[in-house]
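Biologist: I would like a close look at one part of this model, the place where the metals are bound. Please take me through it carefully, with the cut-offs behind each term.

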Amino acid sequence: MEIHRVAAFRDNYIFVLHDAIQGQAAVVDPGDAQPVLQTLKRLKATLTTILNTHHHGDHIGGNRQLLERFPQTQVYGGAEDRGRIPGQTHFLQEGDRITIFDGQSGGSQCVAEVIFVPGHTRAHIAYYLAPATPDGWGELFCGDTLFAGGCGRLFEGNPQQMVESLGKLRQLPDTTRVWCAHEYTLNNLKFAVTVDGTNAALQQRLTQVQAARAQDQPTVPTTLGLEKQTNPFLRWDDASLQEAMGSTSAEQTFARLRGKKDLF
Ligand code: ZN
Ligand code: FE
């Protein structure tokens, strides 16, 4: 299975999962159908699966057009997004396991585990693909919950929920690739250094990301190991960050970070 990153709109990423042996594909958060159809054509692949993380237009906007072209496509989304995701056929909850590719005719089996991560929206879910081999990478499709160097805004949730949701993601192995849905990394890191300026790993990352973006290179996927070191929104219980935010609890640290970032 290969993962293709497809750019859409100003700063969205759509991900196409391709099983070349079976000639099948799945797509995560197709906000726009056009670039997905172009990618499928290039890969000569049939779309079988849409995986939506949440109901926002830049994540579901292409569902209808993709269904017109591939009517058999199964559409997965959170149970609590019922009525908000066009064409939804499966209503998922924490811990559900779904088969994306069945591994028949010599392809590799691909199974995703559902993680319920409310906060950005009340129904948001993430999809986690465990590593195929003990020393391989896991893959996390987390929509607008965790970003490289940041996290999603709280539109339908509160800090407590988001800390809990990000806490679930933080428990995954460091060797997890994080496929987040927006190229927000540079701005996120510029904010991060204002609150966590003594973090050497963060300084170094900002320099690398500035260089990458100056050449228009993507910064997604990132890895969970790097996020745990440098993303303030995963470091709510770090003592120096708590002190910098003048807070006494993890939740308060997170809430103050999020509030500051909203104004950045
Ligand atoms: Zn969103
Ligand atoms: Fe989005």
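Modeller: **The two-metal site**

The zinc ion (ligand 1) is held at 2.2 to 2.3 Å by His54 (NE2), His56 (ND1), His120 (NE2) and Asp144 (OD), where donors are N, O and S atoms within 2.8 Å of the metal (3.2 Å for Na, K and Ca), and sites may look incomplete because water is not among the atoms. This is a predicted model, in which local features need pLDDT of at least 70 and side-chain atom pairs count only at pLDDT 80 or more, while totals for chains, interfaces and linings use all residues. Residues are numbered from 1 along each chain as its sequence is written, chains are lettered from A and ligands numbered from 1 in the order in which they are written, and side-chain values use heavy atoms, with hydrogens and water left out.

Along the sequence, the donor residues of the zinc ion (ligand 1) follow the spacing H-x1-H-x63-H-x23-D. The angles among its four donor atoms run from 88 to 171°, and the site is irregular; four donors count as tetrahedral if all angles lie between 85 and 135 degrees, four count as square planar and six as octahedral if opposite donors are over 155 degrees apart and all others between 65 and 115, and anything else is irregular.

The iron ion (ligand 2) has as its protein donors Asp58 (OD), His59 (NE2), Asp144 (OD) and His182 (NE2), at 2.1 to 2.3 Å, and these are spaced D-H-x84-D-x37-H along the chain. The arrangement around the iron ion (ligand 2) is irregular as well, because its four donor atoms subtend angles of 83 to 166°.

The zinc ion (ligand 1) and the iron ion (ligand 2) lie 3.3 Å apart, with aspartate 144 coordinating both. Histidine 120 sits in the loop between β8 (109-116) and β9 (125-129) and aspartate 144 in the loop between β10 (138-143) and β11 (146-147), so this pair ties together parts that are 24 residues apart in sequence; here strands (E, at least two residues) and helices (H or I, at least four) are DSSP runs, numbered from the N terminus.

On the iron side, where aspartate 144 is again the residue that coordinates both ions, aspartate 144 and histidine 182 link distant parts of the chain, 38 residues apart, with histidine 182 in the loop between β13 (176-180) and α5 (185-195). Aspartate 144 counts as buried because its relative accessibility is 4%, and histidine 182 counts as buried at 4% too, where buried means under 20% relative accessible area, exposed over 50% and partly exposed in between (1.4 Å probe, protein chains only). Histidine 120 is likewise buried.
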